[in-house]
Every structure is written in structure tokens, then in C-alpha cells.
Amino acid sequence: MNEHIKTKTMEWNGDELILIDQRYLPLEETYVTCKNHIEVADSIRDMVVRGAPAIGATAGFGMAIASSEFESLDKKTYVEKMKKAEELLASTRPTAVNLFWALKRMSKIIDENIEKTNSNELTRLLKKEALEIAYDDIKINRKMGQNGAKLLKNGDTVLTHCNAGALATVDYGTALGVIRAAIEDGKKISVYADETRPYLQGARLTVWELVQDGIETTLISDNMAGWVMKQGKINAVIVGADRIAANGDVANKIGTYSVAILAKKHGIPFYVAAPLSTIDLETPTGEEIPIEERNRNEVRYCHKSQLVDDSINVYNPAFDVTPNDLVTAIITEKGVVKDNYKTELPKLFE
């Protein structure tokens, strides 16, 4: 395995994590270099990097960087510092379960090799684990794409919400990975992309990705989705997920629930593409999924342009939960589950 990795989303050079700053795409292509774990945590919290799989991989590298910072300390102090680093990274985004999945993997490496503290050997093992998380994500996304591509027909037009592409992962994407795989299979697929207020991930990121790949893409505002469906322009909806409960309820970017209701009304299949690391069998239903509320200025402003006065009260949940009865199928790297989620999802982990 190469000790370095470079994708659209991130670059790991062996010591530092370089992230494309997704807050300014597509108008500005700038990068943030994280030299310590605090800068990694800030980048996750401030949405320099976003998307559940990408957040998980970023957190893995954050733990590896933290170990570099503390490897010269005695065992007791090292463990204390690493625990605080893990807690800081875990506090950044509460909804995306991939974050906690990746941190758990990194913590396991520490627990199993604690005698190797006060040397660079444990740091080397943590860097290796972080790279495995990143490289595995790319392989998983491609397999997921192949599984999901079978659900799309030649000539289909797909609606997607938010960004579940290469920028939301280490590379290739979940929902957009399904679209890419279908096109690689020779199918003609076009896309309608919701702009995804208030952070405009669909308009800024999804459209940017798809146009770069030469995929026919039409941007619409979120409140146009129902009318576009009624006009018969949409054959399928594919979205990603930040956490899937054991019963198949899906937490995803705010607005996904509305799209799912509209799809059900118009008889359009609603697919969710997500790796096993996004499925949280310890959370029984969507009711127990914590929903992050973000800074109210994300609604009051559009980038640097102020839309309403700062005194205006704002409610800004970053995610909503789509009940399992609105989900036609969940696409994973291990296969596609179409119903009986409570029974069938655990089988994917066997």
C-alpha cells in the first residue's frame, strides 16, 4: 500500500493532511493544510471537509497526526493526550456515524499496541490504519457503485440531493458512485441536482463534480423537485446517508425527507447508497439519531452575502430522518437490501 494518497478530496503526504476547502468551491479552489489534530478537528467542524465517509477518513488521519505530536511522551501522558484528541474529533459532527466508526478503529490500534508508546512505532501503525481506512473507502465506493448501477436503466434521469460524490468520500462517491458506475457500464444517465439549501452542496459541489466528468446535469432549486417529478422528468432518486438506523431509517442532509415524500407520491424509487460503516445497528430507529444544529448565519447569509438581518430568528438543523417505509432500497458494498431492513441489514455484517 502506498504511504501517500491524493484524491480530489484530500492528500496525505505522510505527515500532513491537505484538504480541498469545500466551502469555496466551485468559484475558488483552495486548500487547507492540517499540521496538528486541532486543525483537523477545526476542518471537520467548519466543513472544510464534509460527507460522512470523508469525515471518517479525515478523523483517522487526525488521530495519526495527534500521535506524531505526542509520541515522545511517557505512556500515561500519551494515552491521556490521545484520549482528549479523540474526544475533540468526536465532538465535531454528532450525526455522521462514520466519524465514530473511524475513531473506534484508531483507538483499537492504540489499545492493542500500547506497549509501543514513547516511540514512533505506534504512530507508524496509526498512519497505516488511517491509510487503510482511506484506500478501503475507495474500493468500497466502487463496489457499491457496481451494485447500485444494476438498479438504473439506460436513459434514466436521476435526482440527487446534497453531495454524495467524490468530495463526500475519499474518492468516487456513494450516490454519485452509483451514477458513475452505471455510465461506466455503458448506460446513458442524466442528473437533476437539488441545490440543497442552506449550504448549497448540490449546487456548488455535485454540479461541479458531474460537469467535470462530462455527465449531463441540470441544477434545480430544492422547491422545484416536486414539480419536476410531476412532469415525468425523474426516473429515480439516489441520495447518500450520514447514519442509517438498525430499522432502515436514514439520516441525511436536511431536505432529504421532503424529497422522499415527493418520490413516494409520484411512484419514483428512492434509493440510499451508503457503506456498512454508515449503518449503525446500535441505534434502533431514526428517533435516536442525534441531529446536529448548525450556526444560524448559514441561513442568514449565502457565503458573504447577507440575506436577512442578524436579529431574525433561525432554525438550522443540518439533517433530517427519512422513515424506512419511504426507502425503496439501501445500496451497500455487500449488496442491495430492498425491504425487511431490521432483519436484513444485520445480515450484511455476517
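How many helices and strands does the protein chain have? Colour the chain by secondary structure: there are 11 helices and 17 strands. The model is a predicted one.

**Whole chain**

Start with the C-alpha trace of the protein chain and turn it along its principal axes; the spans are about 65 × 50 × 40 Å. For 350 residues, a compact globule would be expected to have a radius of gyration near 20 Å, and the protein chain agrees because its own value is 20 Å.

Next, show the contacts. Of those between residues at least 6 apart in sequence, 74% join residues that are at least 24 apart.

**Surface and charge**

Switch on the accessible surface of the protein chain, which comes to about 15,000 Å². Carbon and sulfur atoms account for 49% of that surface. Then colour by burial: 56% of the 350 residues are buried.

For charge, select the 43 positive and 51 negative charges of the protein chain. What distance separates their mean positions? The two means lie 3 Å apart.

**The sheet at β1 to β4**

Now select the strands β1, β2, β3 and β4. These four form an open sheet in the order β1-β2-β3-β4, with antiparallel pairing. Which strands are at the edges? They are β1, residues 5-6, and β4, residues 31-34, each of which pairs on one side only.

Zoom in on β1 and add β2, residues 10-12; the two strands pair in the antiparallel sense over two bridges. Finish by showing Lys-6 together with Glu-11 in β2, which stands opposite Lys-6.

Terms used: Residues are numbered from 1 along each chain as its sequence is written. This is a predicted model: local features need pLDDT of at least 70, side-chain atom pairs count only at pLDDT 80 or more; totals for chains, interfaces and linings use all residues. Side-chain values use heavy atoms; hydrogens and water are left out. The radius of gyration is taken over C-alpha atoms; the globule rule is 2.2 Å times the number of residues to the power 0.38. Buried means under 20% relative accessible area, exposed over 50%, partly exposed in between (1.4 Å probe, protein chains only). Contact means heavy atoms within 4.5 Å. Accessible areas come from the Shrake-Rupley method with a 1.4 Å probe; for residues, only the protein chains shown count as cover. Lys and Arg count as positive and Asp and Glu as negative; His and the chain ends are not counted. The place of a charge is taken as NZ of Lys, CZ of Arg, CG of Asp or CD of Glu. Two strands pair if DSSP finds at least two bridges between them.
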